[in-house]
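Biologist: Please put the model up, and then I will ask about its salt bridges and about how its chains meet.

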2 protein chains.
Amino acid sequence: MNDSSDTDLARPEPGEVGLVEVRDFVSTEPFAFDNGQTLPGFTLRYETYGRLNAARDNAIFIAHALSGDHHAAGIHSLNDRKSGWWNNIIGPGKAVDTNRYFVVCANCLGGCVGSTGPSSLNPATGRAWGIAFPQVTIRDMVRADKRLFDHLGVTALQAVIGGSMGGMRVLQFGIEYPTFVRRLLPMATTARENAQAIAFNAVGREAIVQDPDWHRGEYPKGGGPRVGLAIARMMAHITYLSDASMEQKFGRRKRDGAAGVEHAATFDAQYEVESYLQHQGQAFINRFDANSYLYITRAIDDFDLAGAYGSLEKAFREVRARTLCVAFTSDWLFPTAQNREIVLALLRAGKSASYAELVTDLGHDSFLLDSPQLYDLVRDFLAAPAE
Amino acid sequence: MNDSSDTDLARPEPGEVGLVEVRDFVSTEPFAFDNGQTLPGFTLRYETYGRLNAARDNAIFIAHALSGDHHAAGIHSLNDRKSGWWNNIIGPGKAVDTNRYFVVCANCLGGCVGSTGPSSLNPATGRAWGIAFPQVTIRDMVRADKRLFDHLGVTALQAVIGGSMGGMRVLQFGIEYPTFVRRLLPMATTARENAQAIAFNAVGREAIVQDPDWHRGEYPKGGGPRVGLAIARMMAHITYLSDASMEQKFGRRKRDGAAGVEHAATFDAQYEVESYLQHQGQAFINRFDANSYLYITRAIDDFDLAGAYGSLEKAFREVRARTLCVAFTSDWLFPTAQNREIVLALLRAGKSASYAELVTDLGHDSFLLDSPQLYDLVRDFLAAPAE
């Protein structure tokens, strides 16, 4: 800590965000996608934690990943048994301290949890857009996000923070709105995926579009390619963990009631890891839209800062924010080298950037998990001057 | 080389096996599976290369992997544009030298390329067995294989050689028939999978059994869960390669005719790696049976020598053969540590065993690919005395 009197003595026990309200921001200005298609407007569903200060400059934007949404912290009702997806890092006295900051999280454009995306109604047909929805890019997402901050009257973002695809949105935000954002905190991310990461997304998409219930994207809400989407999620989930963490968590343990070798052939789940993945798949199809999965994975695969700007240094040329990029040693989806590459390019471009590598067994999803080391990094980075 | 006059001067230019005949061995003795179910007999489809010597002791058994078959070398007709799957290592003057050895490869029990498996006719119903076929284990496979060698009048195997699941069969063969086999040459294998490898197989199985065309394993030949099987294969194929090899082979290259960002959304293959994987999936469903895929992946997942024998040392207690285990640095499906573990346990059990680790970028499938280093290891190991 830079200032122990500030951080240790004055800091109360971390508390909880508590009850939060879901809001919808409706932008009624036309929005032009990168691909040239235009919508007359769009909705972003969002939540806020903490209060905007008088100068309206204490905001922090939390950018969620592929399967995340606007509900990053707190609970929606007193019966909620589960808090938002990043509740461990956001709250009064937590690393992203809602006593100091006005924290905003929004479901991304193209998403399926209240924001406009392929499952929204296409006014031209009265049915869901399906794959007539414009292809969305990471840049489209952050340009939509920016409208939300304009609507909220925010004059500056103290930080944009996010892991995985959230990290891509962080980088793009810093490029697109250099004077608006003070700090960038991408984690477990990449400035462009390698072939292996594209390959995993490609298989997930194939599982969806080859599902006979996909019908080229035209299916009733709650229906559609549930099998394909579950398969995509099960496979992707493996890439979010690590060999070591799966070994610790499951090893070769069989589930209760698993058949022994003396039994007839069965292809039901026999190992705990099998039923765990099935559960992940089933839980996902009840909360996520298959078309959004197609759109967002495509946006992730197509994100390529070096390709879009000529080189990674050129991409970062206008960036003014200070950057801290956090990577995790066991992340094999977006390996540490890809995170280091971001920081090296920022430094070569003359920017203020640092890199932290946390030793963990927990794989790509490490950024979401309880980690006092990560909390300290985030807290210190937010507390230090931005320039 | 131990003897340069033998290996360098006397060795002719490597030649080709050439035309080979497919044979069927029909065992008419009842066969009891590990799970207690019994078949009145079974068929193994096999090929042989080279000649059995007068002492009938110059045989080598090639054990194929999950998606392999009996056709390891040579061609079936002069129009064949593709040779057997391990043609690079088997042939006159090659590492597995058919001028010296009588080389045998058989489609495994449970397979779908001529050997008895779930797609074979169940005499009780007149239809394919489907999932009424007994659950097969790696030990069942090698006990069936042994009957083939008894039928051929082979008195000793100079070696059993195989990679991946083939390596599991190699180890089990050495355990089951210690006086029959002189050398074991497992590659890119494991004495038991970790949770991550089970997880990938589990997702593949789920893609198959959730395919509406699976019908609990009852489908016409050539029909069935083609989508699920293709998805399973596409995903598995990623695990056979490596991050580095995919990056070299495909990178982020788009395929010809790929849509630019200015186009409407499309979820057809855009990147070369996407269409490559689609091709792998399509090619596979035209040659492989989905039920066999379920059975064989289950046999692989259930293979656990330490679990079955109390410990890996105990599993190897009766082994007499000399072992060389070859691992590949970029193999992340069955990592080098799992191969080393086999050799360490053999050494602790007092056996003659050595370990070779080849530095390669090509991932799990390295054992199948052109590698003079691997050829030299195999040749030297076969040439050296077995005890």
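Modeller: This is a predicted model. As a start, a salt bridge joins the side chains of Asp150(A) and Lys146(A), with N and O 3.0 Å apart.

Biologist: By about how much of the helix are Asp150(A) and Lys146(A) separated?

Modeller: Both residues belong to helix H2 of chain A, which spans residues 138-152. They are 4 residues apart in H2, so the separation is about one helical turn.

Biologist: How many salt bridges does the structure hold over all chains, and how many lie across the interface of chain A and chain B?

Modeller: Over all chains the count is 39. Across the interface of chain A and chain B, the rule finds 8.

Biologist: How much area do chain A and chain B bury between them, and which three residues of chain A supply the most?

Modeller: Interface size is often expressed as the accessible area lost when the parts come together. Here chain A and chain B bury about 4900 Å² between them, with 64% of it on carbon and sulfur atoms. Of the area that chain A buries against chain B, 16% is supplied by three residues, more than by any other three: Arg252(A), Phe267(A) and Arg298(A).

Biologist: How many residues of each chain are in contact?

Modeller: Chain A contributes 60 residues to the contact, and chain B contributes 59.

Biologist: How are H7(A) and H4(B) oriented to each other?

Modeller: Helix H7 of chain A covers residues 272-285 and helix H4 of chain B covers residues 195-209; their axes come within 9 Å and cross at roughly 55°. The crossing is right-handed. Angles from 65 to 115 degrees would count as roughly perpendicular and those under 35 as roughly parallel. H7(A) and H4(B) are therefore oblique.

Biologist: Which residue of H4(B) forms a salt bridge with Glu274(A)?

Modeller: From H7(A), the contact uses Val273(A), Glu274(A), Leu277(A) and Gln278(A), while the H4(B) side includes Ile198(B), Ala202(B) and Arg205(B). By class, the contact has 7 nonpolar, 1 polar and 3 charged residues. At 3.0 Å between the closest N and O atoms, the salt-bridge partner of Glu274(A) is Arg205(B).

Biologist: And for H4(A) and H7(B), which residues of H7(B) are met?

Modeller: The axes of H4(A) and H7(B) come within 9 Å and cross at roughly 55°. That angle makes H4(A) oblique to H7(B), and the crossing is right-handed. Residues of H4(A), among them Ala195(A), Ala199(A) and Glu206(A), meet Val273(B), Glu274(B), Leu277(B) and Gln278(B).

Notes. Residues numbered from 1 in each chain as written. Chains lettered and ligands numbered in written order. Predicted model: local features only at pLDDT ≥ 70, side-chain atom pairs only at ≥ 80, totals over all residues. Heavy atoms only, no water. Axes fitted to C-alpha atoms, helices over the stretch in contact; angles between N-to-C directions. Helix = DSSP H or I, 4+ residues; strand = E, 2+ residues; numbered from the N terminus. Parallel < 35°, antiparallel > 145°, perpendicular 65-115°, else oblique. Left-handed = near helix turned anticlockwise from the far one by under 90°. Contact = heavy atoms within 4.5 Å. Nonpolar A, V, L, I, M, F, W, Y, C, P; charged D, E, K, R; others polar. Buried area = accessible area lost by both parts, 1.4 Å probe. Salt bridge = Lys/Arg side-chain N within 4 Å of Asp/Glu carboxyl O.
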